[in-house]
Amino acid sequence: MSPTKNPRPSRAALPAAVALSLLAVAAPSFAQTAAGTDPEIKRLDQVSVIGSRTQSRTVLESPVPIDVLSGDELRASGYTDVSTILQSLLPSYNFPHPTTPDGNTHIRSATLRGLSPDQTLILVNGKRRHTSAWVNTGGTVGKGAVSTDLNTIPVSAIARIEVLRDGASAQYGSDAIAGVINIVLREDDGFEGTVSRGTTEDGGGGTTKVSLDTGFAFPEGGGIHLTWDYRDRKAANRALADTRQQYFGIGRNGQAVALSGAYGSGTGLNPIGGAVAGAVADPREATIDRDALWRFADSADTEDKTFFANLRKPLSWAEGLEWYAFGGATDSQGSSNASLRRAGQPENVRAIYPDGFLPWVDTDSTDRSLGTGLKGYLGQWRWDLSSVYGRNELVYRTRNTLNATLGAASPTRFYNGAFEASQWTTNLDAGNSFEVGWHAPLRLALGLEYRRDTYEIRPGEEASYVWGPYRVLDGPAAGTVPTIGSQGFAGIQPGDAGDYSRHNVAAYVEADTDVTDRLLVSLAGRWEDYSDFGSTTNGKLALRYQLGGGVALRASASTGFHAPALAQQYFSSTSSRTLNNAVTGLPEYVLVRTAPVDSVEARALGARDLDPEKATNLTAGLTWGIAGLTASLDVYRIDIDDRIFLSSNFVDAAGSSAIRDYLAALGSPGVTSVRYFSNTADTRTTGVDASARYVWQWEGGDRLTATLGYNRNKTELTRVASTPEQLLALGVRTPLFDITERTRVEKGQPRDNLTLALAWDAGPWSVHLGTHRYGRIEQVAATNQSAANVAQFAKGSTAFRTLPTEAGTAGNYDVIQRLDAKWITDADVSLRISKHLMLTLGADNVFNTYPTRNIATTPAVSGADTYGVFPYSELSPFGWSGAYYYGRLQVKF
């Protein structure tokens, strides 16, 4: 084989796609397409740098399914963060809106093809993006996953987003099981300023956003683009009134009587605590503002400040040599609430909060990233040497709270600790082409990679977790030990703190060629070795066959993997509470643990070292481009073995202390509840993706664009690990992965999604109309319910099904509620007042659609809506804020 002649582009002509691609091969410019391509198809079929390391390809020419979303498409939306915009445009992308007062405030768990958030790899300018410091331990989609926060990258800084919907671990390494999302930063010249303001129809949700972008071209070629972005977003509270008793009852002799937690016990729908003994309600029950006790919103109050830069500069040291750099800094402050502590609860110190309190969790997320590299030529070889560093820190503070064991002297604000994670990745890539006598040269790409990951847990101040000297000061529970630590979010204890790291090296190769004028063949392989769990080797085969008439077949088969994150291996959490000793009757300090897999507690109860998740991807489909139409249809199957999930909570059965005694004998006294990460299950995901776009063009420039996208997806658990023998020996029968978690994995994301959109451009006017149908979701609403309770649920309007309870009383049921499919419609109108000024008015969720309500609590039964306060499910893919109206003004020079 001999190298083919590959002329070098001039410095000034180096295209953006090449400067930002992963291996920086000298790919054709965006304007170039295959000879003979229809002009309409050329304009519609966009170039992508992901999916292949050997050269850039258009969406239709790729042997694997790719979506390309332009920056203009992204910024036309009324949504203000990247993940929500992607959800509105891509039917295979899901972005639920949990309200958990944790890292969820900033870092949402977005998914592709219904898989875990950490099974999609994120790139920026073709380089691996660092993950967040947060691991999801709450009861939401993506539980147990460590996500990458897309929303740290402002929409205004993005030139385009490329979404590869296929396994790509053989090309890009860990995490690329569901696919790859590549965010390409802007490098255009000029100035652009945008300000927008919006609010919801039903109150709250006010959002102000300001973006400033400027770009400068260097005289000798290349340039720099700078983005500053500010967003202030307020939550839209949709909590209902808390009708429970808030204050002690007043007994016949004036003594305080313990309050009832029953629905309506504060409003006369149910008796107050002690009513049978003649107690009456505190007069304040009639005057308290019950609508203001809680907040339930699908976002926190957040304030985000972001700066991003993207630079490309040719160097005169050698022909074709170029230096590039990019990076950003994001500071995000968020506030979300925990659960209400009623005035009469033992967790309250009434000398501080006579009317109870709603704890607030304030989180500061600091994100920094910097990537730089050189690329050029060595003979006929194209090379790219790059290094990218990224870090995320998540700091927790609580306010409007207390540590009841510190009595009336308790602080009401605490520093609760922090998590930090970093990633440093260095790559050396090279590429060349060789004549082998086939229809096209053999294109070859080679590469080496070194990556270092770190993870750190830092403790909070002592007052946030300490068991102080005080017990409950007054009321019926006086003298007992209250919940220990700052209410709402207990501080991280020193025993949970730690600093961890690992490194890995990789070598990879990819080759492809057009064997004939119709058949493209692509092969890729990657070997990777991790310092903590060993090595893995993965491969990929992709084919494309041109049938003619604009129609082509494509298929791929690959293996992939997801390396267990450091946070999944080492996350540690200890919360403290009290139990009355069954023998002495005295309160005792006990511990509830989320334990690292190598801890004494986890090992004793069956934990093992985490193995990487292993995947097999199969995809087949067809594309066609005829006249103004581009379309694709793909089917896929993804089998994943040894998926990593967070286990159930293992606790002693009533009246038993087997776990506690067993762990105490091993040197861990006082631990009564343990959960840990494990390779819990195998899954199979099958589905279909379809997309189409058609453009009508009229003389004079008027244009109408219609787009359609559809995804149908099904995930099944093909294996679930049984309860470990160590637990069975202690009499614990709790499933390792209970029905709540299994249902969330299989049914907790929309079964199907459909998007339809029209965009009309005529003179100075542009009108966009889009609608998104989110398919049905199911979730466990309640477990171990009697037949009588189920009958009460059936009186409501929320559909559900039942199964015999798996861990409760024989004859009882687990109740699974259904969230019905919903249509969400967005619309906007833009007027180009001049070539420098544009005004946009729009509405997201025009028809003010809300999700299906949770099974309601009534005076007769407790439902799935948290005492009747939280009417909607956190699994809702579109939240529960309702219609959002906005205006946007853009200035451009």
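This short presentation covers the enclosed cavities of one protein model, then one helix and one buried serine.

Good morning, colleagues. Please keep in mind throughout that the model is a predicted one.

I begin with the cavities. Rolling a probe the size of a water molecule over the atoms shows where empty space is left. In this model, 13 cavities of 30 Å³ or more are counted.

The largest cavity has a volume of about 470 Å³. Which residues lie nearest its centre? They are T131, V146, S147, T148 and D175, out of 40 residues that line the cavity. Turning to secondary structure, the elements that give two or more residues to this lining are β6 (111-112), β7 (120-124), β20 (413-435), β21 (442-458) and α6 (566-570). Of these, β21 gives the most, with four residues. As to chemical character, the lining of the largest cavity divides into 17 nonpolar, 14 polar and nine charged residues.

The second largest cavity has a volume of about 230 Å³. It is lined by 23 residues, and those closest to its centre are G142, K143, R643, F645 and V745. Two elements, β29 (629-646) and α10 (739-747), each supply at least two residues of this lining. The largest share comes from β29, with four residues. By class, the lining of the second largest cavity has nine nonpolar, eight polar and six charged residues.

I now move to helix α8, which spans residues 658-665. Which of its residues are buried? They are I659, R660 and L663. These three cover an arc of only 100° around the axis, and therefore they lie on the same side of α8. Just after the helix, G667 takes a positive phi of about 100°.

My last item is S673, which is found in strand β31, residues 671-675. Is S673 buried or exposed? Its relative accessible area is 3%, and because buried means under 20%, S673 counts as buried. What surrounds this serine, once its neighbours within four places in sequence are left aside? S673 is in contact with L591, V592 and R593, and also with N649, F650 and V651.

To summarise, the largest cavity, of about 470 Å³, takes four lining residues from β21, and the second largest, of about 230 Å³, takes four from β29. Helix α8 keeps its buried residues on the same side, and S673 in β31 is buried. Thank you for your attention.

Methods
Residues numbered from 1 in each chain as written. Predicted model: local features only at pLDDT ≥ 70, side-chain atom pairs only at ≥ 80, totals over all residues. Heavy atoms only, no water. Buried < 20%, exposed > 50% of the residue type's maximum accessible area, 1.4 Å probe, protein only. Contact = heavy atoms within 4.5 Å. Arc of directions from axis to C-beta. 1 Å grid on protein atoms, 1.4 Å probe; cavity = no way out; pocket = protein on both sides within 12 Å on 5 of 7 lines; lining within 4 Å. Points joined across faces, edges and corners; volume = space filled by probe spheres on them. Nonpolar A, V, L, I, M, F, W, Y, C, P; charged D, E, K, R; others polar.
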